[in-house]
Amino acid sequence: MIFFTCVLLGFVIAATGSITPSFLNLTVVKFSLKSGKKSALYLIGGFATVLFFQANIGAYLSSILMKNSEYIVTIQKIGTGILILLSINFFRLYFSADKKIKKVKIDKSKAYLHGIMMSLLNTFAIPFYFTTISFLIGLEYFEYSLINSLYFSIGSTAGSFSLYALYATVASKIEHKLSFVATKMDFILGCLTGVVGIGNLIYLMYFK
């Protein structure tokens, strides 16, 4: 029963978190349109590998960081810097790249490694899991232990993979309708990461 509950909680939370626009799911759409669904699935596999450990870390930190909030601020500062750098890079890609979408076949190992790298840069994941798990602990729906954290991570990995795979499948099926959006994908990613990064910077400067 504990196994089922933890896996279900992890699946629902991760799937819900993956629905909202982020540079990960937008990257999945971009990858699917440019390199095909198969390469996008290997990319998602890279995401899922890192997310498994991020969920574990988030669960562990939920039992520690509540007593040491200064570490959360440090994580936020590092994450803000990374987001702003990502935003600059996406704008650079947009303004320097050919606006026509060209199909490029990418080796599955490269797609998988790219997914790992992108997921490592996703500074939202650990704070997201930390916050949601802390909330569940407060409601007494979750009790931290190594085994419960493992079960939760299995569910969250499955939930994230399922939602990202859905993005890849839908993108490949309505490719002709997304052609305009696809040419603007790097610009959209730059705006998204830039807005969140600047928002975090303002929060840290005036509210911390």
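Let's start with Phe3. Its relative accessibility is 44%, so Phe3 counts as partly exposed. Keep in mind that this is a predicted model.

What does the ring of Phe3 pair with? A search of the whole structure turns up 6 aromatic pairs. In one of them, the rings of Phe3 and Tyr151 sit with their centres 4.8 Å apart and their planes at 85 degrees. The cut-off for edge-to-face is over 60 degrees, so this pair is edge-to-face. If you wonder about those two numbers, a pair of aromatic rings is described by the distance of the centres and the angle of the planes.

Now look at where the two partners come from. Phe3 is in helix H1, and Tyr151 is in helix H7. The pair therefore ties together parts that are 148 residues apart in sequence.

Stay with the aromatics for a moment. Which residues form one aromatic cluster? Tyr129, Phe142 and Phe152 do. Two of these names, Tyr129 and Phe152, will come back when we reach the core.

Back to Phe3, and to the surface. Phe3 belongs to a nonpolar patch there. The other members are Phe4, Leu8, Phe11, Val12, Ile147, Leu150 and Ile154. Together they have about 690 Å² of accessible area. Which helices supply at least two residues each? H1 and H7 do. H1 has the largest share, with 5 residues. So on your screen, find the H1 and H7 pair from the aromatic contact, and you will find the patch on those helices too.

Take one patch member from each helix. Val12 is in H1. It has a relative accessible area of 43%, so Val12 is partly exposed. Leu150 is in H7. Its value is 33%, which again means partly exposed. Patch members need over 30% relative accessible area, and Leu150 passes with its 33%.

Leu150 also has long-range partners. Leaving out residues up to four places away in sequence, Leu150 touches Phe52 and Asn56. Gly10 is 140 residues from Leu150 in sequence, yet their C-alpha atoms are 9.9 Å apart in space.

Let's step back to the whole chain. How many helices and strands are there? The count is 9 helices and 0 strands. Read along the sequence, the pattern is α-α-α-α-α-α-α-α-α. The chain has 208 residues, and 41% of them are buried. Its accessible surface is about 11,600 Å². Carbon and sulfur atoms make up 72% of that surface.

How are the contacts spread along the sequence? Take contacts with a separation of 6 or more. Of these, 89% are between residues 24 or more positions apart.

Next, the inside. In soluble globular proteins, nonpolar side chains tend to be buried together. Here the largest nonpolar core holds 28 residues. Which of them touch the most other members? Val28, Phe47, Tyr129, Phe152 and Tyr164. Seven elements, H1 through H7, give two or more residues to this core. The span runs from H1 at 2-19 to H7 at 146-173. H3 gives the most, with 7 residues.

Zoom in on Val28. Set aside its neighbours within four places in sequence. Val28 then contacts Ala40, Leu43, Ile44 and Phe47. It also contacts Tyr164, Tyr167 and Ala168. Among those contacts, Phe47 and Tyr164 are on the list of best-connected core residues, alongside Val28.

Three more residues to click on.

First up, Leu33, in helix H2. Buried or exposed? At 3% relative accessibility, Leu33 counts as buried. Its C-alpha is 6.6 Å from that of Ala171, and the two are 138 residues apart along the chain.

Then Ser22, in the loop between H1 and H2. At 17% relative accessibility, Ser22 also counts as buried. The cut-off is under 20%, so Ser22 at 17% falls on the buried side. Thr193 is 171 residues away from Ser22 in sequence, and 8.0 Å away in space, C-alpha to C-alpha.

Last, Ile82, in helix H4. At 23% relative accessibility, Ile82 counts as partly exposed. Ile82 and Asn122 are 40 residues apart along the chain, with 8.8 Å between their C-alpha atoms.

To close, go back to Phe3 and Tyr151: an edge-to-face pair, joining helix H1 to helix H7.

How values were computed: Residues numbered from 1 in each chain as written. Predicted model: local features only at pLDDT ≥ 70, side-chain atom pairs only at ≥ 80, totals over all residues. Heavy atoms only, no water. Helix = DSSP H or I, 4+ residues; strand = E, 2+ residues; numbered from the N terminus. Buried < 20%, exposed > 50% of the residue type's maximum accessible area, 1.4 Å probe, protein only. Contact = heavy atoms within 4.5 Å. Areas by Shrake-Rupley, 256 points an atom, 1.4 Å probe, with all protein chains shown as cover. Core = buried A, V, L, I, M, F, W, Y, C linked by side-chain atoms within 4.5 Å. Phe/Tyr/Trp six-rings, centres within 6.5 Å; stacked < 30°, edge-to-face > 60°. Patch = residues over 30% accessible without salt bridge, like charges linked within 9 Å, V, L, I, M, F, W, Y side chains within 5 Å. Salt bridge = Lys/Arg side-chain N within 4 Å of Asp/Glu carboxyl O.
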